[in-house]
Structure formats: structure tokens, C-alpha cells
Amino acid sequence: MNAPMMILYTRKVRGRDDHMLFRDCAGGVVFCKDKVFLLQNEKEEWVLPKGRIRNDRISTETALERVRVEAGIEANLLCSIGETNYEFYSLTRKAPVTNRINWYIMETKDEIYSVNPALQYLGGGYFPVEDALDLITYSQDRSLVSVAYRRYQKEYKQ
């Protein structure tokens, strides 16, 4: 794996420089039997645990760490499931940001979790996959969970 990167691109838009920050991130789709773990963030959005790759870590380490830190879950990483990207405008940086997230299918044998309120999460839990697909806020996360669950059932569920 290559070292994580944070890259700043500059382009001319309407006669002025427009900067875009690209960040590498990693996260986990955590299954426990026929349930998947979701977090509810401070905007009341239902999301998956993820975070920026820092300090020359590799994406698998970051994914496991974010699941542990954000949700208190000790999961086993099974495989890579793909990548998603999303953009937002950072008020603090006064620039658009693109997060590129490497996702991993993970598994845990029990439904023990502890949402970290210091990270401004309102709650979380394990949900039957069909219910989770209705809760998940963003369509690309719904697609990711759907694809991950099919692969999990086919290759890993006993």
C-alpha cells in the first residue's frame, strides 16, 4: 500500500485560483450475522465508520482503528470491497474537499459496541441489512452495504 496522501490542486475558475483538497480515507462495513453496524452523526445522518488515513498508516489499519475508536467494535477485516468518493465544502479551509474512501468488509461475532460521544455521534447500532438500507442517508453508502452484504453472504457467512 502506498502512503496516504493529502493533495491540494489549484485550477483557474472565473479568473481566480480555486483549490481542491484530496484526502485518502478508510472505513469498515461491519457485519454481525445478518446485521450491519451504522452510526448516527451530529447531523442525524446514518453513516458507516470511516476516517482520514494519518501518520503514514495503511488503509487497513485506519479502517480497523476507525471502527474501534468510533464504535468500540473489535472487528476482523475480511476483504476490500471498493472505493467511494464524496465532495464537500470545508468552511475552515475555505476550499472544496474530496474524500476518497477505501472500504473493507469486517465481521464481529457479537453485537457489542460503544458509540464514542466525544466524536459527536448521537448513536448507532446493529440493524438488519434491509432496515439499514432504509436508514442509510447517502445512496452510495446504501449501494456499498448492499454489495458488501451479498459478498459477505456468499464468501464468508457460515
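Two residues are said to be in contact here when they have heavy atoms within 4.5 Å of each other. With that in hand, Phe-31 makes a good starting point in this predicted model. Setting aside neighbours within four places in sequence, Phe-31 is in contact with Val-36, Ile-105, Met-106, Glu-107, Thr-108, Val-129, Val-145, Ala-148, Tyr-149 and Tyr-152.

The chain as a whole can now be laid out around this residue. There are 3 helices and 8 strands, and reading along the sequence gives the pattern β-β-β-β-β-α-β-β-β-α-α. Of the 158 residues, 44% count as buried. Among contacts with a separation of 6 or more, 66% are between residues 24 or more positions apart.

In soluble globular proteins, nonpolar side chains tend to be buried together. In this model, the largest nonpolar core has 22 residues, and Phe-31 is one of those with the most contacts inside it, along with Val-29 and Val-145. Two or more residues of this core come from each of β2 (16–32), β3 (35–40), β6 (76–90), β7 (95–107), α2 (129–135) and α3 (139–155). The biggest share, 5 residues, is given by α3. A second core, separate from this one, has 17 residues and includes Val-30, Cys-32, Leu-39 and Val-67.

Helix α3 deserves a closer look. At 1.5 Å a residue, its 17 residues should span 24 Å, and the end C-alpha atoms of α3 are indeed 24 Å apart. The buried residues of α3 include Asp-141, Leu-144, Val-145, Ala-148, Tyr-149 and Tyr-152. Because these residues cover an arc of only 130 degrees around the axis, they are on the same side of α3. Arg-150 and Lys-154, on the other side of α3, are exposed. Val-145, Ala-148, Tyr-149 and Tyr-152 also appear among the contacts of Phe-31.

Helix α1 can be read in the same way. The helix comprises residues 59–71, and these 13 residues should span 18 Å at 1.5 Å a residue; the end C-alpha atoms are 18 Å apart, in agreement. Buried in α1 are Ser-59, Thr-62, Ala-63, Arg-66, Val-67, Glu-70 and Ala-71. Their arc around the axis is only 135 degrees, so they are on the same side of α1. One of them, Val-67, belongs to the second core. After α1 comes Gly-72, which has a positive phi, near 70 degrees.

Turning to the pockets, the largest has a volume of about 1,100 Å³. It is lined by 35 residues, of which Arg-23, Lys-50, Tyr-86, Asn-99 and Tyr-121 are the closest to its centre. At least two lining residues are supplied by each of β2, β5 (50–52), α1, β6, β7 and α3. The element that gives the most to this lining is β6, with 6 residues.

Tyr-86 lies in strand β6 and is one of the residues closest to the centre of the largest pocket. Is Tyr-86 buried or partly exposed? Its relative accessible area is 30%, and since buried means under 20% and exposed over 50%, Tyr-86 is partly exposed. Not counting residues up to four places away in sequence, Tyr-86 touches Lys-50, Val-97, Thr-98, Asn-99, Ile-101 and Gln-140. Of these, Lys-50 and Asn-99 are also among the residues closest to the pocket centre. Thr-98 is 12 residues from Tyr-86 in sequence, and their C-alpha atoms are 5.6 Å apart in space.

Methods
Residues are numbered from 1 along each chain as its sequence is written. This is a predicted model: local features need pLDDT of at least 70, side-chain atom pairs count only at pLDDT 80 or more; totals for chains, interfaces and linings use all residues. Side-chain values use heavy atoms; hydrogens and water are left out. Helices (H or I, at least four residues) and strands (E, at least two) are DSSP runs, numbered from the N terminus. The expected span of a helix is 1.5 Å times one less than its number of residues. Buried means under 20% relative accessible area, exposed over 50%, partly exposed in between (1.4 Å probe, protein chains only). The arc is that of the directions from the helix axis to the C-beta atoms. A nonpolar core is a set of buried Ala, Val, Leu, Ile, Met, Phe, Trp, Tyr and Cys residues joined through side-chain atoms within 4.5 Å. On a 1 Å grid over the protein atoms alone, a cavity is a set of points where a 1.4 Å probe fits but cannot get out, and a pocket is an open set with protein on both sides within 12 Å along at least five of seven lines; lining residues have an atom within 4 Å of a point. Grid points are joined across faces, edges and corners, and a volume is the space filled by probe spheres set on the points.
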